Amino acid sequence: MRSLVLIGHGSHLNGESAGAVYRYAELLRERGLYDEVVEGYWKEEPSLRQVLRTVRSTDVTVIPMFISEGYFTETVIPRELGLGHQGPVPPEGVGRVLGGKTVRYTLPYGVHPAMSDVILARAREALPDLNPEDTALIVLGHGTTRNQNSNRVVYENAGRLRESGHFAEVHALFLDEDPRVGTWPEAVKASRVVVVPFFASEGWHTLETIPEDMGLTGQVTEFADTPNAPQTVYYAAPVGTHPDVAEVVLQLAQEARGASGAGGDEDRTHAQAWEAFLALARRGTRIGEALITPQAGMFELRHALDEGRHAADLQTLVTVEGLRDHTRRDEGGHHRPVHTLRNLPRGWRAILTEAELPRAVHNLYPAVVEESYAHHTHNLRATPWPTTARRQTGIYTKVIRATPEQVEEVARDVCSRCLKTRLWAGERLGSTVFSGVPGAIPCAEACTLLVAEVREEVSGKRGQTGH
Ligand code: SF4
C-alpha cells in the first residue's frame, strides 16, 4: 500500500490558490498508481501539521508542488512535517520514519529535468509547427537575487532545450533580474518567438507584467519595429498548470521510492479511527455541522440545520469533488481555509457510497476523524502556544513577542467562531464525536490562521487588513 501526498501553499483569503494541487491530485488519483493521493497545505486544511496523520498507508511519498526550491520547500514544509531537516534537499530526497510511517520528502516538481518536456509541450500548444530554422524559444523565469536556485532551473531547462534541436535559438530571460524580459528584441534574431513562462500558475505576472514588459497585445503579437523585424511572438500558458506536470510528479515519486518494493501496510491507527467512524455513520451520525444518514445502501450528507428539509429543496451533489468544491465557500461565497469554523453552507445534500464516504468526510473536516479518535483513545498530544510560536520562521517569528493576553484576545475572536476546543490553550474536552457529541472536536495545535492573526496583533495591524 502506498500513499502520495501533494503539498501546496494554499491561502487564508483566496479560494483559488489550492486549485492547481486539487486538480493534480485528481489526475493522479485517476491514474490509480497510488492507493491514495492526499493534499496538504501551509495555509489551508489539512495543514502540514496534520496531513501525515490523514494518510492510510505506512509508505508515504511527499511532493512539494512548487516550481522552484526556496524558503517553503527547504524550511517551512520540512519543519511543519516534523522531518528534522532544514536547508537544501538532496537530489535523493529526505527519508524519515515518523509515527511508524516511512516518509520520503522530495525536491519540488519544478526542478525535475522532465520539466523541459512540459516547456516543449507548452511551446507546441502556442505554435504547433515549431521549426528549428526560424523559431526561437524564450524560457521566462521570475528571477530574484534572493533565490539563485530559481534562476538555475530556468538556465538548466534552456540548456536542455537548446541541445534538443527543436529551436533555432533558446534564451533564458527574467522578470526581476538580468537578462530581463524587456531586452528580448535585441537578444532574439529568429522571426518567430515562443515565450513560455516558467511560472507555477496564471496570475498577475503572467497576465499583466510579462505582456507589458514584452509589448504583447495578445496570444500572438506581430512586431514590425524590432531590430530583427518582422517578428511574431507566440505567448504560451505557464508550465505549472500543464496536465503533464502530473507525469513529472509520478516520475519524481518513483525516483524517490527507488527500489523500495511493494510499499507499506495499512496504518493501524488510521484504519481503527475510520472503522469506528463508519460504524457510527452506518447508524446515522453527526460530525461538526454535518448530518450523515444511511439511505438504501448509500449515505446522505447535509447540513444538520437542513434536517427534515425536502430533498427537492436542496442542491444534490453526487461526487466527492462536487461536495468538496461546494463546501469550500460559505454562503456569502467566502473562502473557508479552516473547515471547522461554523460557516458550513446550507442548502445541499450529497449522496455517496460507503467507499466514498471517508474521502467526503475528510474533505468536509480534514483530520477531524483521526484527531478526534486519537483524543478519544487518549493518544492526542497538544502543542502549547509557546512551542508553536518558537517554531515559526520568516515573517512569523515575531509572534513569539505576543503576550498571553494578546494570544487570548485573538483566540477569543477567531476560535470562538470555530467548533474546536483549544487543547493547546489548556481547555478540556471530555467527549468527542466518538462518544456521541458531534461538535466536540479537539484542536491540538494553533492553526496557521490563528498564527497569522496573532502576527497582525503584534504588528498593531489587526483589523486594518480585512482579516
Ligand atoms: Fe479553530 Fe482556533 Fe484551533 Fe484554529 S486555533 S483550528 S480557529 S480552535
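This note covers aromatic pairs and charge-over-ring contacts in a predicted model.

1. Aromatic pairs. The model holds ten aromatic pairs, counted where ring centres lie within 6.5 Å. F277 and F434 make one of them, an edge-to-face pair with 6.5 Å centre to centre and 80° between the planes.

2. What that pair connects. F277 belongs to helix α8 (residues 268-283), while F434 sits in the loop between β16 (420-422) and β17 (441-443), so the two rings tie together parts that are 157 residues apart in sequence.

3. Burial of the two Phe residues. F277 has 0% relative accessibility and counts as buried. F434 is buried as well, with a relative accessible area of 12%; the cut-off for this class is under 20%.

4. A second partner for F434. Y373 and F434 also form an edge-to-face pair, at 5.2 Å centre to centre and with 75° between the planes. Y373 lies in helix α11 (residues 368-376) and F434 in the loop between β16 and β17, so this pair ties together parts that are 61 residues apart in sequence. Y373 is buried, its relative accessible area being 14%.

5. The cluster. The residues of both pairs belong to one aromatic cluster, made up of W274, F277, Y373 and F434. F434 is paired with F277 and with Y373.

6. Charges over rings. Which residue lies over the face of Y22? R324 does, at 4.1 Å from the ring centre. R422 lies over the face of W424, at 5.2 Å from the ring centre.

Technical notes
Residues are numbered from 1 along each chain as its sequence is written. This is a predicted model: local features need pLDDT of at least 70, side-chain atom pairs count only at pLDDT 80 or more; totals for chains, interfaces and linings use all residues. Side-chain values use heavy atoms; hydrogens and water are left out. Rings of Phe, Tyr and Trp (its six-membered ring) pair if their centres lie within 6.5 Å; planes under 30 degrees apart count as stacked, over 60 as edge-to-face and the rest as tilted. Helices (H or I, at least four residues) and strands (E, at least two) are DSSP runs, numbered from the N terminus. Buried means under 20% relative accessible area, exposed over 50%, partly exposed in between (1.4 Å probe, protein chains only). A charge sits over a ring if NZ of Lys or CZ of Arg is within 6 Å of the ring centre and within 35 degrees of the ring normal.
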